[in-house]
Amino acid sequence: MLSFDIVAQILWTSFATSSYFVLFALAFALVLKVNRAFNFAQAAMMTVAFYAAYTCVALWGLPGWVGFAAALAASIILAIVIEVFGFRTLRRRRADQIFVFIFTLIVSEVVAFLAMLVFGTWPSTIFPSLFWPVTLVGNVAVSQWDIPAVGVAVSSVVVLFGFLRFTRTGQFMVAVADNPDLAELYGIAKQRIYLATMLTAAVLVALGMFLYGTRAQVQPTTAIDLMLFAIAATIIGGIGNLWGAALTAVVLGVVQNSSVLFIPSEWQGFLLYLFLFVAIVFLPNGVKLPARRRLTRKTVAPDLVGAGSQES
Amino acid sequence: MMTTRFPTRRALIAAAGFFAGLTITGAMAQETLKFGLAMPLSGGQALYGQDQVKAAEWAVAAINAAGGVNGKKLEMVLLDTRADPQAGIQAANRLVSVEKVPVFVSAWSAVVKAIAPVANDNKVVQLSVGANSADIARLGDYTYTTFPLADVDISAVANHAATKLGKKRAAVLYINNETGVVAAQIYRDVFSKAGGQVVAYEAYDPKASDWTGSLLKVRAANPDIIHIQGLVADTPQVIAQMRQLGLTVPVSSYSAVYNPKLIEQLGKAAEGVIATSLAPGVEDKAVADYVERWRKEVGREPNGLPYTQYLYDAPYIVAAVFKALDDKKLPLTGENFRREMVATKTFDLPLTGRLTINENHTVNKPVFLMEVKNGKWVQLAVVE
């Protein structure tokens, strides 16, 4: 049954649906790289972004762009709250990374619970229809959702690259990621850079969740499930390596989808855990590509086992 | 100058007698027949629980407005389970020990299973209304269901596909959890036994958001019907993606997809989708009136309409058994309630029709096969 059409279809659909995973992985990897926080509260940002868009478009009947603006605003506001009232306080107290992680976990659960109370558990989408018309390219079905989604993901990667490479704030983010204390000695306002990183992540999250919510149904706990994929991509791609995380998100999507052609479908979900296990045990620094000049400078991976905070 | 007169002893005795009389008369007038209702009123399932409770409250009010049970009021003691087994046990203990009810209604499989030992130990009847796990029939002498268990509707839809629709090659696509695995096996067995062939049998991960690989495998098997055993969160997306990949064969599923939202979400891609319902739809006048009452009083249709229909009917079962016991002057104990309910066996209920409770703790109910036609759910067949 393995024909060219089937392989092409799987590759294309997996590539298109990995668009939001790329954005989630980038957001997670960026905060981990710069703020050195294992930010599971990203799930909370994803949840508020979705329900803000859902409220505007599905409940109030406002246009899609208003929904996206609301998603962006909600995600940014929550990012500010998490950074200013959460991370900053924990940093001031020199809290261990495990406490920071527990804090983010609690935030994600609280927001999921609140969303449940307000919106219930019935799955929802931003637009009433889930069905996107398709066009056949050769024998490959390309839906009207696919092209904009891929466009948004690719543009986001390019813009983020340019932002980190060419803007002052982006360069400061890379500097803080390398060595926060040294960066501060050079006059970089570290706290502002941490906030800027959270805001950048919030934009990526809002984009990703808007894409996801226009294609799939969302429940208050959906974002928590989606986070596993972002975390897996970040770990396998190499902690501190943004582009590795983004690329891994695409590869994982393709491998998971095509795996049913080779293994029993019951094992499909198991693959992600298998990859995670292999990555954590055998490749703790991620899959290393051949040495070359990197787009962003190499950084020291934060110690996830809890061997002490490197924060000032 | 004003003086204060103290009451005489005779006046005091007369007053005491008057108030005692009032109290006795009041107690007689207030005599009620109590039963319990343990449902999720808070937490993630409250959306459904609260609507089901409202349906039961309407039924109790209707029964009392029509004279109650032999002139006595029916009283429903309501407690919250949060759909959580531990909270369910606490609620059941209170209903049994404090409220001393002979029967209580509960729902959600995990809660019903957790409560069953409390019901058995105290010889108080638990009526499960809505939980559909096949295990519900094996929880002991004092747990009964009024809701058909999982195998009933899946068997009906598989049989109908093979015998009435003449389908020979079915593909089964199921979610890889307890809901999907067991029901998919039932479909495969029943469809094969009815003369059909299951040409593809594919699971998918509960966290999946893309089903391309599984669907392409199904497409390659060239089925003439596809049965999807998923959840309400993923099934519409699976159908949408199936249609996008050019799979135009009929699709069947079960009660989870029988809701108006599916048509809204899929548009023309929903045409021909077959679902099951375990209660009559709005073609039935009583159900139409009931839905209309929701729209007028609450401003919307109830969440999980069929489940609320079953909850509406539950107090009628309780009232019928209470009446039979009252007629026979038997005390309202759990043992008597159980004996009388099993002896009565058949109940004609306002919103779900005839119910027959079997000795093996299962029930006989018709299955309504619904199909999307011209953008609406219409009744395709009734499988007895």
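Two strands count as paired here if DSSP finds at least two bridges between them. By that rule, strand β3 of chain B, residues 103–106, pairs with strand β4 of chain B, residues 125–128, in the parallel sense over 4 bridges. This is a predicted model, so please take everything I say as a description of a prediction.

Let me stay with β3(B) for a moment. In register terms, B:Val103 stands opposite B:Val125 in β4(B). To get from one strand to the other, the chain runs from β3(B) through helix α4 of chain B, residues 109–122, into β4(B), and this β-α-β crossover is right-handed. β3(B) also pairs with strand β1 of chain B, residues 32–39, again in the parallel sense, over 3 bridges. There, B:Gly36 stands opposite B:Phe104.

Which way do the side chains of β3(B) point? B:Val103 and B:Val105 point one way, B:Phe104 and B:Ser106 the other, and all are buried. In a regular strand the side chains alternate between the two faces of the sheet.

Next, confidence. Chain B has a mean pLDDT of 87, with 92% of its residues at 70 or more. Among the elements of chain B, β3(B) has the highest mean, 96, and helix α1 of chain B, residues 9–29, has the lowest, 48. Two stretches deserve a caution. Over residues 1–7 of chain B the pLDDT stays under 50, and the model has 1 contact beyond four places in sequence for them. Over residues 19–29 of chain B the pLDDT is below 50 as well, with 0 contacts beyond near neighbours in sequence. Where pLDDT is low, the predicted coordinates should not be read in detail. For the complex, the predictor gives an ipTM of 0.79 and a pTM of 0.76.

Now a second sheet in chain B. An open sheet of 7 strands has the order β7-β6-β8-β9-β10-β14-β15, with mixed pairing. Why do β7 (197–204) and β15 (376–383) of chain B each have one side without a neighbour in the sheet? They stand at the edges, each with a single partner strand, so one side of each is left open in that sense. At the β7(B) end, strand β6 of chain B, residues 169–175, pairs with β7(B) in the parallel sense over 7 bridges. In that pair, B:Leu173 stands opposite B:Glu202.

One helix to point out is α8 of chain B, residues 235–244. 10 of its 10 residues are buried, so α8(B) is largely enclosed by the rest of the structure. Those buried residues include B:Gln237, B:Gln241, B:Arg243 and B:Gln244. Just after α8(B), B:Gly246 takes a positive phi of about 85°.

On to the interface. 33 residues of chain A are in contact with 32 residues of chain B. On the chain A side, α1 (4–34), β2 (140–143), α10 (242–259) and α11 (268–282) each supply at least two residues. The largest share, 6 residues, comes from α1(A). By class, that side has 14 nonpolar, 17 polar and 2 charged residues.

Last, a single residue in chain A. A:Ser108 is found in helix α4 of chain A, residues 97–119. Is A:Ser108 buried or exposed? With 23 C-beta neighbours inside 10 Å, A:Ser108 counts as buried, because the cut-off is 20 or more. Beyond four places in sequence, A:Ser108 touches A:Phe40, A:Ala41, A:Ala43, A:Ala44 and A:Ile224. A:Ser108 and A:Ala43 are 65 residues apart in sequence and 5.5 Å apart in space, C-alpha to C-alpha.

How values were computed
Residues are numbered from 1 along each chain as its sequence is written. Chains are lettered from A and ligands numbered from 1 in the order in which they are written. This is a predicted model: local features need pLDDT of at least 70, side-chain atom pairs count only at pLDDT 80 or more; totals for chains, interfaces and linings use all residues. Two residues are in contact if their C-beta atoms, placed from the backbone, lie within 7 Å. Ala, Val, Leu, Ile, Met, Phe, Trp, Tyr, Cys and Pro count as nonpolar, Asp, Glu, Lys and Arg as charged, and the others, Gly among them, as polar. A residue is buried if 20 or more other C-beta atoms lie within 10 Å of its own, exposed if 12 or fewer, and partly exposed in between; C-beta atoms are placed from the backbone. A crossover is right-handed if, with the strands pointing away from the viewer, the path from the first strand over the helix to the second runs clockwise. pLDDT is the predictor's confidence in each residue, from 0 to 100.
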